[in-house]
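This briefing walks through selected features of one structure, grouped by topic. Please keep the sequence and the model in view while reading.

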Amino acid sequence: MNKYFTPIAKTALILVYLVIVAGALVRMTGSGMGCPDWPKCFGYYIPPTEISELTWAQNHDFEKGQVIIKDETLFVATKNFKTGKIFDGSFWEKYTKHDYAIFNVYHTWIEYLNRLIGALSGLACLAMAILSIWFWKLNKKITLFSWIVVFMMGFQAWLGKTVVDSVLNPFKITTHMVVALLIVGLILYVISRSSTSVFKQKSNVKFKKLLWIVLLFTIIQIIMGTQVRQYIDNEVQNGVTASIMWLQNPTILFYIHRSSSLIILGLNIYLFTQNKKLKLGFYKLNWVIFILVLEILTGMAMYYLDFPFASQPIHLALASILFGVQFYLILENNYQTQNEKI
């Protein structure tokens with residue numbers, strides 16, 4: 001079973017990253033409330049494609065839990081029944097968690113695909129955890145952290161529900177993103193512990209501290225980015241539909257976020273030069289510099305070219321991948337430090 005573990009763990013990691021990208025697409029398109037209930041979507045496991053499916057009609061069979069939109073309000077069927085000639089409120093109850101009652105098939109299916117990928121990633125993480133049981137005698141941490149990932153995926157699903165119930169509360173969206181990064185870090189830890197690859201890098205205490213500092217800066221930068229994105233969302237909600245106007249009068253946080261990217265680039269270039277100078281062998285720093293350059297370019301494109309299509313999810317995806325590579329560099333350094341102690 002052990003030979004299947006690492007491929008499954010890597011599959012889980014890829015799917016979690018796809019969830020992050022899908023979440024960014026949801027936010028870019030304003031589809032966060034495309035499914036106003038959870039875990040179903042308008043009371044369906046497979047969401048509707050026509051507004052007629054959410055409209056009350058005579059002599060129509062409804063099942064318990066199905067949702068309709070009536071008088072700009074969501075109503076949920078309390079039992080299985082067939083409608084008569086007039087609307088009978090005794091068969092329905094108002095959806096009380098929020099008052100959002102808009103159907104847009106485009107938004108609905110984007111949000112549904114986001115949830116579908118999330119469910120698939122959850123199954124992959126569960127498979128990883130089940131297979132990790134065979135590592136119990138060899139390395140208990142692999143098993144323990146694999147099951148922590150399953151718990152965190154459940155917590156993340158619950159957070160997704162609270163995001164919908166709160167009608168996209170900014171703090172909850174940011175928390176949702178931070179938990180996703182935490183899950184990425186946990187899966188990377190499990191992969192590094194279960195890998196049979198031989199790490200040839202040299203450990204260095206000062207270098208390790210710098211790696212942690214740079215990773216912390218990256219996390220803060222990602223959090224600030226989610227807040228800048230929330231500012232843009234608010235502008236759109238306030239009627240500013242032209243992308244050229246979204247950052248005409250930004251908050252100070254935007255300028256801090258923009259300037260910090262240069263600081264992060266400088267720190268990583270310093271790490272890159274130290275790695276070369278000390279001949280430590282951390283070749284993934286080449287990836288870090290490449291990702292950072294792309295990250296800055298997409299950021300510039302959003303600001304100077306008025307948010308080209310898909311620039312926002314690409315920007316977030318690159319930031320998430322950057323976090324993963326930087327964290328894995330720390331794991332490589334830790335692995336070598338432990339080996340030297342032995």
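In which helix does Leu113 have its place? Leu113 sits in helix H2, and the points below start from there; the reader should bear in mind that the model is a predicted one.

**The nonpolar surface patch**

- Leu113 has a relative accessibility of 43%, and because buried means under 20% and exposed means over 50%, Leu113 counts as partly exposed.
- A nonpolar patch of about 830 Å² lies on the surface, and it is made by Leu113, Leu116, Leu120, Leu123, Leu126, Ile130, Ile133, Trp134 and Trp147.
- Helix H2, which covers residues 105-132, supplies the largest share of this nonpolar patch, namely six residues.
- An α-helix has 3.6 residues a turn, so residues three or four places apart point the same way.

**The surroundings of Gln66**

- Gln66 is found in the loop that runs between strand E1 (61-62) and strand E2 (67-70), and with a relative accessible area of 10% this residue is buried, because the cut-off for that class is under 20%.
- The side chain of Gln66 reaches the backbone nitrogen of Glu63 at a distance of 2.7 Å.
- When neighbours within four places in sequence are left aside, Gln66 is in contact with Phe42, Gly43, Tyr44, Asp61, Phe75, Val76, Ala77 and Trp92.

**Backbone features in loops**

- The peptide bond that leads from Trp38 to Pro39 is cis, with omega near 5°, and Pro39 lies in the loop between helix H1 (2-29) and E1.
- Asp71, a residue other than glycine, has a positive phi near 55°; Asp71 lies in the loop between E2 and strand E3 (73-77), where, at 66% relative accessibility, Asp71 counts as exposed.
- Ala310, likewise a residue other than glycine, has a positive phi near 70°; Ala310 is found in the loop between helix H7 (284-304) and helix H8 (311-341), and at 16% relative accessibility Ala310 counts as buried.

**Helix H5 and the residue that follows**

- Helix H5 takes in 33 residues, 205-237, and at 1.5 Å a residue these should span 48 Å; the C-alpha atoms at the ends of H5 are 49 Å apart, which agrees with that expectation.
- Just after H5, Gly239 takes a positive phi of about 100°.

Methods
Residues numbered from 1 in each chain as written. Predicted model: local features only at pLDDT ≥ 70, side-chain atom pairs only at ≥ 80, totals over all residues. Heavy atoms only, no water. Helix = DSSP H or I, 4+ residues; strand = E, 2+ residues; numbered from the N terminus. Buried < 20%, exposed > 50% of the residue type's maximum accessible area, 1.4 Å probe, protein only. Polar contact = N/O pair within 3.5 Å; in protein donor to acceptor, adjacent residues only side chain to side chain. Contact = heavy atoms within 4.5 Å. Expected span 1.5 Å × (residues − 1). Patch = residues over 30% accessible without salt bridge, like charges linked within 9 Å, V, L, I, M, F, W, Y side chains within 5 Å. Areas by Shrake-Rupley, 256 points an atom, 1.4 Å probe, with all protein chains shown as cover. Salt bridge = Lys/Arg side-chain N within 4 Å of Asp/Glu carboxyl O.
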